[in-house]
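Here are some notes to read alongside the structure, written for someone meeting it for the first time. Please keep the view open and look up each place as you go.

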Amino acid sequence: MRSSHLKDLSVSLLTNLVGASPDSQFLQRRRRGLHRFLNQLVKHPVLKQEPIVVTFLTVPTDLVSWKKQARIDYSLEFKGEKILTDFINSIWPAVGDEFLRDWRNAELSLPKLIDVWTKIVMLVERHEKRQQQVAFDNSKFVEMITRFSDLDETLYPHKITDNKIISASNSNDTSAINESLSSISGFFNKASTLLIDESYIINTDILEKFKNFSDCLYSLQELFDRSKRLSVNTIPQLQQRIKENEERHNSISSDDADLKGSELVRLRQIIVNDKQEMFQQLNKDWLIKKCCFEEFVMFQETQFLISEAWADWCRGRFKFQDKFYGLHEALNEVITSEMPLQR
Amino acid sequence: MNSIYGSENPFENGWATSELDHPAQQFPAVDQPFSVSTTPSDISAKVPSQYLAIFAKLEPHVTSVSGLQAYVFSPLVTEGFLTSYQASKIIDILYDHDLMPPDVQNNFFHALGLIALEIGTAGSGDYVTLQFKLNSGLPSLPVAAANLLVADSTEDTKILQGVQTHDFFDPLSTQLSNSKLDDDFSTKPAHWDVEAKPSTFGSPNLESPNHDQTALLIDPDATVPESIHANDIEYLSKHIMDIRDRFKPSVDAQHKITIKEVPEKEGLLFKHINYAISHEIPLSVNGPGGLKKVVRRYSDFVWLLEFLLKKYPFRVIPGLPPKKFTGMFIHSFFKTFLDWRHLHLLS
């Protein structure tokens, strides 16, 4: 028996790894992940307007052949953009400090938040699994109760009453008991259906909402990582170098040496280039800050995803418990009134 | 044009990679005149009388290079005396040799001299030739050109002002072609002031919040304008709310996308899974509405994400499900197996 299980295992393991069947857990996870990805993407006010995203979602052509004929611009979104003075002069002086502190705090505690929320998701998952197990047990109840009813005739004869004294004495009571047992089976059947429906809703809808919030946290985490990695600049070094070169330039131009002409031109070119470079870097630095600021402010809206997930959870649980209560109530009425406790 | 510090990082300075047409002219960044000694103190004796007439006429209008552009170069370009390339070369020379501002008589005469040389023989309008000519006397402008410049027509100048916005060689706007000019920078007559005092920008880094305000205020009495809304809580809250209003992340909002697997056999060994995506989101402004259906592969999603990461590295970008759920997958598989065995042992 054990070896046949192992064989089953290896067979299904193989099919799962080689050509996954469409309903395998792996593909389900992937499909749902892609689903969440797309729905999050089209919520973002900037990304949803990106022509490539629009193309991805609307152009019926095969994307591989579309890419071949399209000219795709991979350059940074701020290319050619200049920071607005309103941001530098009005917004930043007022909220810059607060934002940078918030950003830093969020960055520091986000891993913890992700960890905790992941555990909440796992608990919801576990709850859902447990419902499935209860549902499975319920059908086992049905099976066992039916078998028991089929067998109790042998212990408490009651079916054939003609000329059978003992059977006749049992007839009413044992039949009533058996009928009640079948009501109990019926209850377990209905409860099982209810549990499976409930588990399905949790699995496909509520759990996805909990995971959707996880995804948001992970996306923010990745933004933190990227901005740390990519917002480097050489502004302090440039500033230093410009200062040094300007001093040299001034000291040379006050000399009377003959060869100063070409040297001056060279120095001036270096200073001009450095200033230009510094201006570009400063501008870019501001644009990055503005962008991160906007993203952080927008991210504040994701708190409502917490409400959404839990509100759905509560609504679903309440509906389920309400129906479940109805089943119990009906069963209780039948059993307490109809199951004989004595002759 | 990219960084002389040659960063490996592809995002570094990506916004400014476009080649500039006139790099030399961009940032005459230094405050001190470079060529004081080579500029003769007074050249008015060496210029044709028409120069004096033109200067008398245009002096009030040419306080900045944009005035020079509007009242001198634009008419000449429009009338075909100069090409806009020649005009831009001359402006380069004026910047390079610190012949600014143009309403100083000497500077203006230099400009006219260069123009006259250029009109006479294209390519000869360079600074060295000009200095050489200064000894003998600067060449005259063609009479038609000179008349054009002194012509009294406010109508014309209005039109020319219009032209100016198109081929005006502002050091900032030529470089940052998409920038909005209706802000403080462009209203300053001398644009290079901004670059000459870079400390007013501050260079706060996101990682060093503590340096931030100090860096911004290194030069507090310089060109930093009063922060108009710094204490205007209403304005600021509205700004924050406007940003927040743009983003409604709720899952159950309208326009949900649905996705279905479409298994498809391609090739002998590998089975590709296609995803049929359908939605009714009105994405493009003038595109057709209604139900849209596309078929994409997992690899297409990967490509899309990579593109977004390159173009929008400073935005929150949703993540994709991993290519393989290795750990989790095996774990959950074993768990299923164990559950199943457990149940079968019960029966």
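The points below start with chain A as a whole and then turn to a few places in it.

1. A word on the source before anything else: what you are looking at is a predicted model. Please read every value below as computed from that model.

2. Let us begin with the overall make-up of chain A. The chain has nine helices and zero strands. If you follow the sequence from start to end, the pattern reads α-α-α-α-α-α-α-α-α.

3. Next, how much of chain A is buried? Of its 343 residues, 47% are buried. The accessible surface of the chain amounts to about 18,300 Å², and carbon and sulfur atoms account for 57% of that area.

4. The contacts within chain A are worth a look too. Taking those between residues at least 6 apart in sequence, 78% link residues at least 24 apart.

5. Now please find the place where helix 5 of chain A (residues 85–155) packs against helix 13 of chain B (residues 233–245). Their axes lie 10 Å apart, at an angle of about 100 degrees. Angles from 65 to 115 degrees count as roughly perpendicular, and the two helices are therefore roughly perpendicular to each other. On the chain A side, the contact is made by A:Asp86, A:Ser90, A:Ile91 and A:Ala94, and on the chain B side by B:Tyr235, B:Leu236 and B:His239. Sorted by character, the residues of this contact are four nonpolar, two polar and one charged.

6. A second meeting of the two chains involves A:Glu295, which sits in helix 8 of chain A (residues 260–299). Is A:Glu295 buried or exposed? Its relative accessibility is 2%, and buried means under 20%, so A:Glu295 counts as buried. Its side chain and that of B:Arg315 are joined by a polar contact of 2.9 Å. Beyond its neighbours within four places in sequence, A:Glu295 is in contact with A:His44 and A:Leu223, and across in chain B with B:Phe314, B:Arg315 and B:Val316.

7. Finally, have a look at A:Gln221, in helix 6 of chain A (residues 165–230). What does A:Gln221 touch, once residues up to four places away in sequence are set aside? The partners are A:Leu110, A:Pro111 and A:Ile114. With a relative accessible area of 15%, A:Gln221 is buried, because the cut-off for buried is under 20%.

Notes
Residues are numbered from 1 along each chain as its sequence is written. Chains are lettered from A and ligands numbered from 1 in the order in which they are written. This is a predicted model: local features need pLDDT of at least 70, side-chain atom pairs count only at pLDDT 80 or more; totals for chains, interfaces and linings use all residues. Side-chain values use heavy atoms; hydrogens and water are left out. Helices (H or I, at least four residues) and strands (E, at least two) are DSSP runs, numbered from the N terminus. Buried means under 20% relative accessible area, exposed over 50%, partly exposed in between (1.4 Å probe, protein chains only). A polar contact is a pair of N or O atoms within 3.5 Å; within protein, one must be able to donate a hydrogen and the other to accept it, and residues adjacent in sequence count only if both atoms are side-chain atoms. Contact means heavy atoms within 4.5 Å. Axes are lines fitted to C-alpha atoms, for helices over the stretch in contact, and angles run from 0 to 180 degrees between N-to-C directions. Angles under 35 degrees count as roughly parallel, over 145 as roughly antiparallel, 65 to 115 as roughly perpendicular and the rest as oblique. Ala, Val, Leu, Ile, Met, Phe, Trp, Tyr, Cys and Pro count as nonpolar, Asp, Glu, Lys and Arg as charged, and the others, Gly among them, as polar. Accessible areas come from the Shrake-Rupley method with a 1.4 Å probe; for residues, only the protein chains shown count as cover.
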